[in-house]
Every structure is written in C-alpha cells, then in structure tokens.
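Student: Could you walk me through this structure, starting from the whole chain and then going into its parts?
Tutor: Gladly, let us look at it together.

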Amino acid sequence: MVTTALVVATLLHGESPSALSGLWYAPAVLITAGVTIHFLGLNRVKLNTFGIEDVAKLIAVAVATSLIGYSLSRAFGSNTSSEAVWPSFASLFVVLSVISRYSMFKLVEHVYALQLPRKQVLIYGAGQTGQQMAAALQTDNEFKAFGFVDDDPNLQKLTILGLKVHSPKRVAPIVRQNRIDRVVLAMPSASQSVRLQIGKRLTALGCEVLALPSFADIVLRGEDVTAAAPIQLDTLLGRDKVENELPRTESTYRDRRILVTGAGGSIGGELCRQIARCRPQELVLVDHSEYALYKIANELKVQHPGLRMTAVLGSIEHPELMSETLMQHKIEVVLHAAAYKHVNLVETNAFEGVRNNVFGTRVLAEEALLARVDKFILISTDKAVRPSSMMGCTKRMAELVIQDLAKRSDHTKFSMVRFGNVLGSSGSVIPLFQKQIRDFGPVTVTHPDVTRYFMTIDEAVRLVLLAGSFSRGGDVFVLDMGEPVSIYDVARKMIEAAGHTVRDEENPAGDIAITFIGLQEGEKMHEELLIGSDMLTTPHPKIMRAQEKMLSELQIASALQDLRRAIEARDEEFLTSTLRRYVETEDVEVAAQTLSKTPTLAVVGES
C-alpha cells in the first residue's frame, strides 16, 4: 500500500510518467513505513478486530512516512511538484489500507457465513451496554447482531455501528421476517418490572429472551451481578447433603454383571453413570423408550470407552425378553428403576400403571429368581406409604410382590429402597418451577401447607447402591431425609434466586406471583416414609431398615389374579377396590377432609 500510494500520488502531481524516476528516496520511505508499522503493532492486527484505534495508527504511519519523504526531497533537491505529493500520498495510503482490510474482512465473513450461518440477535436498548454488546458480536462466530430496538424516538432510524435502530412497534415483524433467534435486553438501568413486562411481550413472539447486565457491573460488582444465577438444587433441601457421608460402594459392583431397567430415566440414567465408574464386568441397559436408551448409551460410550455395555430395547412386561437378557448376559445384579411414576398420568391410566408397575415388576423378579441372580433391588417411593394415589398403590403392590418372592428365594436377595422426591428429575416440581419463572410466572403450588421429602439424585443413587451391599433379603431401606420441605418455600427460594421478587399481599409490586391450584386427585398434603413405627439399624447411621407387614403367598396370588381380571375386563372400579383391599391406604375420611379444606384457586397478590 505504501508503494502504490507513493506511485499514484507522484503520477497525479508529476508532469509525465518520467516523474517516477525521481523516486530515489522510495527505499527510505518504505523502511520508515515498515519500522513504524512494526512499532505500532499494525502487522499483528486481526482482520475481524480492526477498529478506530488502528485507523489512527495508520494515520500516524502516513504522517511519519510523509515527513521523512518530504524532508529527504527538500534536503537533496527534487522536482518542484514533490511538496504536493506527500499530502496525497498520506491520504491514499490510509484510504487504500482501510478499504483493502474492510474488503478482505467482508469476503472472509461471507465465506464463513456460507459454511456456518450465524444466529440473528436483536438488541433491545441502543445505549452503552447495547453498543458494547453489538461490538462484541461483530467478532463472534456463532451470533450476529441484526439491529437495535429502543424506546427513545431520538435514536430511532439512526444507524449505530452499522446497525439500524428500530421502534418497539416494529419488533414483531422484524422477529418474524428475519428469523431472529434471540432478543437481548441491554437495558440494565431499567427496573426489574419494566424488563419483565418487555420480556413477557417478546417471549410471546417465540424467540428466546435474555437480560444483560452492564459491562461495568460485571467488572465492578461481579458477585452481585451473578447472584441471580439459577439456584443450586441442594440449597432447597433444608439440610446438608449426605451423599458424601455415604461409604463408597465400588467393591460391591466391580467385576459384576449388572442390569439396570428404566436406564433412560432420571434415576436409571444416574445409576448407569455411577455403576460405570465402579468398573463392572458388563452393564446391560433396558428401556422401552428408544430415544432415552439411545441417549444414555451414547453418553456412556463417550465417557467410558472401555465399558462393556449392551442396550436392550423393550418392556419389562415381556417375560421372554427378560429371560433371554438375564440368561444370555449371566446377570448377577438387577437394579429395577423402570416404572410409570407421574401421579396424575397413572391416575387417569390406571390399567397401564398396574400392568407396568405391578406385573412388569413381577415378570422381571420371577425371571431373576429363575436365572439365580444374586441381588435384585427395587426402586420405590414414599408415595407407596399409605398411598392416596393409583401410582402409590401400584408401587406398594410392587413392594409386596418383591417381599413375597424374597421369602421364597433360596439364592436371590430381594430388597427395595424407598425415598422421596428427587430434585431435578424429569416431571418433578423443580423443572416446572424453573420453566414458570422463565415465563415470568405465575408459579403454581398446590397448597400453601403442602410438604415433600426431597433428596438430590446423587443421594438417591448412592442409597440404592449402598442398599445392595446391605441386602439380606426382603429389606425395605429408608434414608434419614431430615425434615420435609415446604413446596411454597421452594417456590419462593427459586423466584428470589432467579433475581425476582414474589408478588403477594405484602409486596403487590413484586415480579412473579405464586398461585395455589389445589391438591390434584391422588395427591397427599404430607408424604410419609414408613408404614409402621418399627425400625432397624444398618451399618450406616443414615440408612434405616423398616419392618412392615407382608402378604402371604396365597394373598399375593389372589391379588394378582384379581388385578389381571380387572385389566382384562377394563373394570376400573374392580381394579381400585382390589388394590385398596390388599394395600394399606390413607384413611379415606381424612383424605376427604384434607381435600375439602384445599382452595381450588387463590392467586396471591392479585385481585
């Protein structure tokens, strides 16, 4: 560019092409330009970061080079037109350098865009934070700023950093016509309520909405700014986590052939992850969901490339499949996590709930008995204790089936692990609250006094694996889970942890309201972990062994026969009465009184 600018400037001011013969000082000019460029670091500037400061440096190079050239031409006598050459040279050098770099950048950007299209981002707020965001996205490979939106009419129709500023009235057509993927609220000085209102309008357009603090806040108040990050699940427990207090169980499962049912679920998947770390001889995954099984199998292949693993697609209700799987892989330990667990769904699909949770468990357990499996562990729930729901009844019936087989087994040790709600598992209240908070509310809670036992998924799985090492046959293991947790308190904590305030009678100007929708059919006000009061200790103080009534072999056979008849006849009344005849359920009168006191709908903080 130095050479080109010098030649063009000389020709412009020379009388003929022979004027170029007077450029005897060109080497000195080139050396000066090279030294100055190197000193200012212009030779190390990337195409996509070339900015105003670099243009200023180019001007400095042009001025320094022109001064040297002019001084040489004057000192040693050159043609009379040489004085006019240098301003033209300086201007041409700067213009050619900027244009060439800009053209090259646009060419490279176009090539990359053809290979990997960038996602479009609309920035709401054309102030300092929005401009800094736009400048940052100019060099990003994944996202591209489409433009600004601002309420200030003085800014609208202006162009800032090459991006147009639009009116908020134009947001909907802009999002639809330009396939905007995300809208970033770059207005940290606005109140939380204003940002919530804008966010709620934008979310309805079908694009993701994110709020951005000011860059100065991130630097100066990093901790305070990040305080609104999603809540850590273990902070909702109301007690210390205990998984670190549980002894290690690798030796129990190392070099064993292990089968996990429901491997694609929350508990089943975590069981597979922790067992894989125990280095089993073989791990067999069973699930009837193709996608869930594919997902966990792929994850284990990546994380444990040396693991010998088999994925079996199918239902536990098929005895021929379970028998073939157990025999072919010579399974030694079965961890049975497959079940229909969502209370409301099982309530309205009672036949399938019984078929899967009761008869599926019976099929798998009987085939494990015939295959002479060493250990069989059933994953149960606190909802099986004096159940008020169909799901709870099916899980309690499954426990009774396992206890019956445990009495008749001369080799396989059958046991079960009973625990409360697992934080963050699929279908649990935590993901629901998180989604409702992202949608700016309201957050729905069944009743202000409802409580549940909670545990982390790590605790749940460690308990299951530890129970396998303690099993003597017919055991019901229960974790000391501390005090039950108020669901209303969980909702408040999650709203506040997300950086919002709760809108209620005390704070009518709050951001997000909590709505009480009443207990659903089959739900209890308070869950229990024990049917009776008799407890036995285990080798670990946090693990207890419950002593509970069992059904006789004749009663189990009669119950299963009646349940099968009810399913075949599609007689839901007979199905329910059979379960209630054999399962110790919650007192119906007490349950009715509880439900009658529950409001059907009450919105806190709203008229």
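Student: Before we start, how many helices and strands are in the protein chain?
Tutor: Keep in mind that this is a predicted model. The protein chain has 607 residues, and 49% of them count as buried. Its secondary structure comes to 22 helices and 23 strands.

Student: What share of the contacts with a separation of 6 or more joins residues 24 or more positions apart?
Tutor: Here we take the contacts of the protein chain with a separation of 6 or more and ask which of them link residues 24 or more positions apart. That share is 75%.

Student: And how much of the accessible surface belongs to carbon and sulfur atoms?
Tutor: The total for the protein chain is about 30,100 Å². Of this surface, the part that belongs to carbon and sulfur atoms is 54%.

Student: How many disulfides are there?
Tutor: A disulfide would need two cysteine sulfur atoms within 2.5 Å. Cys272 is buried, at a relative accessible area of 0%, and Cys278 is buried too, at 4%. By the distance rule, the number of disulfides is 0.

Student: Let us turn to the sheet. What is the order of the strands in the open sheet of 6 strands?
Tutor: The pairing in this open sheet is mixed. At its edges are β3 (159–160) and β6 (208–211), each of which pairs on one side only. Read across, the order is β3-β4-β2-β1-β5-β6.

Student: Do β1 and β2 run parallel or antiparallel?
Tutor: The two strands are joined by 6 bridges. One pair to look for is Leu122 with its bridge partner Gly147 in β2. The direction of β1 and β2 is parallel.

Student: On the other side, which residue in β4 stands opposite Val149?
Tutor: β2 is joined to β4 by 2 bridges, and these strands run parallel. Opposite Val149, in β4, stands His166.

Student: Is β2 largely enclosed or open to the outside, and how many of its residues are buried?
Tutor: A residue counts as buried at under 20% relative accessible area. β2 has 7 residues, and enough of them are buried that the strand is largely enclosed by the rest of the structure. The number of buried residues is 5.

Student: Which residue in the turn between β3 and β4 has a positive phi?
Tutor: β3 and β4 (residues 163–166) run antiparallel, joined by 2 bridges, with Thr159 opposite Lys164 in β4. The two strands form a hairpin with 2 residues between them. Most residues other than glycine have a negative phi, so a positive one catches the eye. In this turn, the residue with a phi of about 55° is Leu161.

Student: Is Leu161 buried, partly exposed or exposed?
Tutor: Its place is the loop between β3 and β4. The relative accessible area of Leu161 is 41%, and the range between 20% and 50% sets the class, so Leu161 is partly exposed.

Student: Where does Lys330, another residue with a positive phi, lie?
Tutor: The phi of Lys330 is near 50°, although Lys330 is not a glycine. With a relative accessible area of 60%, Lys330 is exposed. Lys330 lies in the loop between α13 (319–328) and β10 (333–336).

Student: Back to the sheet: at what angle does α6 run to β1?
Tutor: Helix α5 (residues 128–137) packs on the sheet, touching β1, β2, β3, β4 and β5, and its direction makes about 155° with that of β2. Helix α6 (residues 171–178) lies across β1, β2, β4 and β5. The angle between α6 and β1 is about 170°.

Student: One last place: which backbone nitrogen does the side chain of Ser486 reach at the start of α19?
Tutor: Ser486 lies in strand β18 (residues 485–486) and is buried, with a relative accessible area of 16%. Leaving out residues up to four places away in sequence, Ser486 touches Pro448, Val450 and Thr451. Helix α19 covers residues 487–497, and its buried residues include Ile487, Val490 and Met494. A side-chain oxygen of Ser486 comes to within 3.4 Å of the backbone nitrogen of Tyr488.

Technical notes:
Residues are numbered from 1 along each chain as its sequence is written. This is a predicted model: local features need pLDDT of at least 70, side-chain atom pairs count only at pLDDT 80 or more; totals for chains, interfaces and linings use all residues. Side-chain values use heavy atoms; hydrogens and water are left out. Two strands pair if DSSP finds at least two bridges between them. Helices (H or I, at least four residues) and strands (E, at least two) are DSSP runs, numbered from the N terminus. Contact means heavy atoms within 4.5 Å. Axes are lines fitted to C-alpha atoms, for helices over the stretch in contact, and angles run from 0 to 180 degrees between N-to-C directions. Buried means under 20% relative accessible area, exposed over 50%, partly exposed in between (1.4 Å probe, protein chains only). Accessible areas come from the Shrake-Rupley method with a 1.4 Å probe; for residues, only the protein chains shown count as cover. A polar contact is a pair of N or O atoms within 3.5 Å; within protein, one must be able to donate a hydrogen and the other to accept it, and residues adjacent in sequence count only if both atoms are side-chain atoms.
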